[in-house]
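The exercises below ask you to trace how strands are arranged and paired. Keep the structure in view while you work through each solution.

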Amino acid sequence: MPEIVYEFDEILQQIRHTIATDDKEQFREIFLNNHTYDQAQIYLNLEPEERQSVYEFLTPAEMADLFEIIEEDVEDVEDYLKEMDIKYAAKMLANMYADNAVDVLQQVKEEDVIAYLRLMPHKAAIEIRELLNYEDHTAGAMMTTEYIALREKQTVGQAMTYVKQMAAEAETVYYVYVVDDANHLQGVITLRDLILQPDHALIKDIMKDRIVTVNVQDDKNEVAQMIRDYDFLAIPVIDEENELLGIVTVDDAIDVMDEEATSDYSGLAGVNVDTQNTNPFIAASKRLPWLITLLFLGMGTSSLLSRYENVIEQASVLSIFVTLITGTAGNAGTQSLAVAVRKLSAHEDEISFFKLLIHEISTGLISGLVTGLTITIVVGLWQQNWILGAVIGLAMFCAITVATLAGSFIPVLMDRIGVDPAVASGPFISTLSDLTSVLIYFSIAKNFLDAFLK
């Protein structure tokens, strides 16, 4: 008989009915029959008083499975922890994978973290406390200590027995690591290799001893990039003594890349895009600093225009093309900015940065030349004034070239001085392009007018 697939709203109503009737058995049958992701969505759609029944109906271990999903998607996860009995919450955190439990606790007040750790089993508390000591941007902060390690002298048969015993506690079993008595990393074996080898084969004879690793202090973005480049499901984390401290799994790498992409997009937009559920006043307070800053920068453009009033009076037609030049230059600068930020986020080497600047300058020159010639012809035919067309075309060429250079150079410069290059946002580059474009445009126009009026 084919499985009946219920719509989410129907399942949610069924869950609410079991809660309202205090039917624990029916609740567990319906709720646990869903995928963990769907369980998390059901949980998040319940009212706080309804979730109190969920804490009674589910064990801390079952709640831990669902919190593995929630901690990645919910900004204010602390609010959900506060709903739980503190002992229940501590047991749930202890049942989560250590790295995910750390992600949750990093969003919690320090005094609450201490309280949760005190109520946890000793072993879980030690693992989580060690991970909490690493700086947030490092491999140590994102690694998990739940991996499987073997010894070189074990046979495949012994290794398979051990893997089966430890599989439930490990975050991944696809890679099995080989260490010596001092826990120094010696090699790695895939689960596939273990399955295909005869039981009597020794681990040291089948393991791969050329291992790609990351240091515990490496930047988490570089770790995520390495996992993507090598197409790994996990990568071992070691210290300076080659001691195996943990592993970073691909799901954590995806989370880091997602955070980086959101950060870059927020920077390019000049606003935090991940605030759709935030109070409007809070959201506005986060956007206003950029808007006020850009307002004052925009006033610089207005001041420049006032300085060239006499030029506009002599040739009022010039004012028609101000927005055309500033808008086109701003678009070119934003395009260049997007390319530069993308290259920088990929952590290319310094030679690539130099190549990037040369590439973008060349692109700006070509784009400016073609756009300048096009607008020269258009304005010349439209206004029947080829001198005006030449002024507009030359200004367009210079403005696009400068904007392209700024869009690529500023992010690289900010990266060199240790500032997030995404801060060089699209609105900032556009406003800066407006300022430089107006200066270029009217400087060229003034010189043309002075030359032809003499």
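Two strands count as paired if DSSP finds at least two bridges between them. The structure shown is a predicted model.

**Exercise 1.** Determine how β5 pairs with β6, and describe the hairpin that they form.

Solution. Begin with the bridges: β5 and β6 are joined by five of them, and the two strands run antiparallel. Within this pairing, V237 has G246 in β6 standing opposite to it. Next, follow the chain through the hairpin of β5 and β6, where five residues lie between the strands and N242 takes a positive phi near 65°.

**Exercise 2.** Place β4 in its sheet, and work out which strands stand at the edges.

Solution. The sheet is open and consists of three strands in the order β4-β5-β6, with mixed pairing. Because β4 (214–215) and β6 (244–249) each have a single partner strand, they stand at the edges, and one side of each is left without a neighbour in the sheet. Turning to the partner of β4, we find that β4 and β5 (residues 234–238) pair in the parallel sense over two bridges, with V214 opposite V237. As for β6, five of its six residues are buried, where buried means under 20% relative accessible area.

**Exercise 3.** Describe the sheet that contains β1, and find the bridge partner of L150.

Solution. Here three strands form an open sheet in the order β1-β2-β3, and the pairing is mixed. The edges are taken by β1 (149–150) and β3 (185–190), each with a single partner strand, so each has one side without a neighbour in the sheet. β1 runs parallel to β2 (residues 175–179), to which two bridges join it, and the bridge partner of L150 in β2 is V178.

Key
Residues are numbered from 1 along each chain as its sequence is written. This is a predicted model: local features need pLDDT of at least 70, side-chain atom pairs count only at pLDDT 80 or more; totals for chains, interfaces and linings use all residues. Side-chain values use heavy atoms; hydrogens and water are left out. Helices (H or I, at least four residues) and strands (E, at least two) are DSSP runs, numbered from the N terminus. Buried means under 20% relative accessible area, exposed over 50%, partly exposed in between (1.4 Å probe, protein chains only).
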